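Reader: I would like to go through this structure with you and ask, for each descriptive term, what justifies its use.

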Amino acid sequence: MRSISQKFPPGPRPLPLIGNLHILNLKRPQKTFVELSKKYGSVFTVHMGMQKMVVLAGYETVKDALVHHANEFGERAFVPIFEDINKGFGLPFSHGETWKVMRRFTLSSMRDFGMGKRTIEDKIIEENEYLIKHFHSQEGKPFDVAVITNAAVANIITSIVLGHRFDYNHPALLKLTKLVTENLRMVGSPMVTLYNLYPFVKFLPGTHKIILQNIKEIHSFLRKTFLKSRKELNSDDQRSFIDAFLVKEEEEKTNPNSHFHEVNLISVVTTLFTAGTDTTSATLQWSCLLMMKYPEIQRKVQEEIERVVGSQQPTSGHRKLMPYTDAVLHEVQRFGNIVPLSLPRETTVDVTFKGYFLPKGTFIIPLLESVLYDKTQFEKPEEFNPQHFLDSEGRFVKKDALMNFGAGRRVCIGETLARMELFVFFATLLQKFTLRLPPGVTQVDLTPAIGLITPPKPFKICAFSRF
């Protein structure tokens, strides 16, 4: 009999086969988890089908697990749809030595190609000019901002990964961004959740089949790109992340245990496209929607831009001089809450945490929504309020509870790049345009879309030139 010190976290009583599915909102499970945390505390158990999971809720608990117990909570959980996609390779859903080697190489290579440096900011500013031209071309008429922000952000990644950008109407760019966006919506759908819980339905028709077909198309495009890169490869003139990987693969071709092979390359590059495009684009979409919803906040941002930047090109160097704009962007990231469940973890060893015994291999859900909306960290979490990141004198205040890039061993490797993109794109858009609701539209729907990544539901904006 397990001692009291080895008790498992409490939770609702499961039913045979379905566990707690009958009480869960499968479209937005984070909402159910938040409610359950009020009853069972910051560490509790849910049964998704026959899979036992432990949910961590609230800033203090999530931080304690991911930061103070980083090694114990540092493994990625096994999720069937992601195993089907990645086969255990790549970055976010790889394990052990594969994850360590791929993460180390990817970080190093992305830095070499400018991430976090002035060189990548130059690429962002260049892309920004194309984005501004597109906004101008709409001449104040209503348009959907999602496709164009996806394309603009994707081009930053393609410039690193492939060594060049695409025109916004290029078929390859349009196809890639469509496939990536579609997959991120579907992997968070109720049907795929059920597939993850009951993978024996793999051979039946369903959304999981569409996801895997989309992945095949993405991989087909990448293989053609790799073939071209191999033909033109010059180890003394590496122009892209792919070139750097292929050179490393060549160097290690006699090593039978090498991690540098095509399957890992495809998985890493697919991840860079996926994670590096949709998350930043979704945040930009939220920023546009919220500026239309709160025109007085938009005006204050524009006043600060005029005062600090004037007609210059906004750069990351201006950020520290613009506390209000910085606070608004951080609040967009908090309020937008684009990855509400975070990505699941798994315990690497037996661990006693918050008085509960969690065996090695326990499936962990760090509930990010409960962190970003934690009332102990944000005064009015349900409201969009830039004051959450400002002190009484209007100075920017950093909040560790803004964990939208994750924390601990598996923190997002693209955080520096994403922050730079968001600031340059957002500040330039509000420098050049005033964003307004289309004629006849009076209400702004702040309900997020359903998916692993949750941008706003489709909407249109009118961008009026300020000069």
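The conversation below takes up the overall form, then the sheets, then the packing of helices.

Reader: What kind of model is this, and how many helices and strands are there in the protein?

Author: The model is predicted, and the protein has 15 helices and 10 strands.

Reader: What makes the protein as compact as a globular protein of its length?

Author: The globule rule gives 23 Å for 467 residues, and the radius of gyration of the protein is 23 Å, close to that value, so the protein is as compact as a globular protein of that length. Along the principal axes, the C-alpha trace spans about 75 × 60 × 40 Å.

Reader: Which strands stand at the edges of the open sheet of five strands, and why is one side of each left without a neighbour?

Author: The order of the five strands is β1-β2-β8-β5-β3, with mixed pairing. The strands at the edges are β1 (43-48) and β3 (75-76), and each has a single partner strand, so one side of each has no neighbour in the sheet.

Reader: How do you know that β2 pairs with β1 and with β8?

Author: Two strands pair if there are at least two bridges between them. Six bridges join β1 to β2, and these strands run antiparallel, while four bridges join β2 (residues 51-56) to β8 (residues 363-366), a pair that runs parallel; both counts therefore satisfy the criterion of at least two bridges. Leu56 of β2 stands opposite Val43, and Leu56 also stands opposite Pro366 in β8. Val54 has Ile364 as its bridge partner in β8. In the hairpin of β1 and β2, with two residues between the strands, Gly49 takes a positive phi near 65 degrees.

Reader: What makes β4 and β9 the edges of the open sheet of three strands?

Author: In this sheet the order is β4-β10-β9 and the pairing is antiparallel. Both β4 (143-144) and β9 (433-436) have a single partner strand, so one side of each is left without a neighbour in the sheet. Four bridges pair β9 with β10 (residues 460-465) in the antiparallel sense, and Phe464 in β10 is the bridge partner of Thr434. Helix α15 (residues 415-432) packs on this sheet, where it touches β9 and β10, and the direction of α15 makes about 90 degrees with that of β9.

Reader: Why is α6 called oblique to α15?

Author: Helix α6 (residues 145-161) and α15 pack at an angle of about 135 degrees, with their axes 11 Å apart. Roughly perpendicular covers 65 to 115 degrees and roughly antiparallel begins over 145, so the angle between these helices falls under neither term and α6 is oblique to α15. The crossing of α6 and α15 is right-handed. On the α6 side the contact has Ala152, Val153, Ile156, Ile157 and Ile160, which meet Leu417, Glu421 and Phe425 in α15. By class, the residues of this contact are seven nonpolar, no polar and one charged.

Reader: Why is α9 called roughly perpendicular to α11?

Author: The axes of α9 (residues 207-231) and α11 (residues 262-293) come within 10 Å and cross at roughly 115 degrees. Since the term applies from 65 to 115 degrees, this crossing counts as roughly perpendicular, and α9 passes α11 in a right-handed crossing. The contact is made by residues including Ile215, Leu222 and Phe226 of α9 and Leu265, Val269 and Phe273 of α11. The residues of this contact divide into eight nonpolar, two polar and three charged.

Reader: What makes α11 roughly perpendicular to α13?

Author: The axes of α11 and α13 (residues 323-336) come within 9 Å and cross at roughly 105 degrees. That angle belongs to the interval of 65 to 115 degrees, so α11 is roughly perpendicular to α13. Among the residues making the contact are Trp286 and Leu290 of α11 and Val328 and Phe335 of α13. This contact has six nonpolar, four polar and no charged residues.

Notes: Residues are numbered from 1 along each chain as its sequence is written. This is a predicted model: local features need pLDDT of at least 70, side-chain atom pairs count only at pLDDT 80 or more; totals for chains, interfaces and linings use all residues. Side-chain values use heavy atoms; hydrogens and water are left out. Axes are lines fitted to C-alpha atoms, for helices over the stretch in contact, and angles run from 0 to 180 degrees between N-to-C directions. Angles under 35 degrees count as roughly parallel, over 145 as roughly antiparallel, 65 to 115 as roughly perpendicular and the rest as oblique. A crossing is left-handed if the near helix is turned anticlockwise from the far one by less than a right angle, and right-handed if clockwise. Contact means heavy atoms within 4.5 Å. Ala, Val, Leu, Ile, Met, Phe, Trp, Tyr, Cys and Pro count as nonpolar, Asp, Glu, Lys and Arg as charged, and the others, Gly among them, as polar. The radius of gyration is taken over C-alpha atoms; the globule rule is 2.2 Å times the number of residues to the power 0.38.
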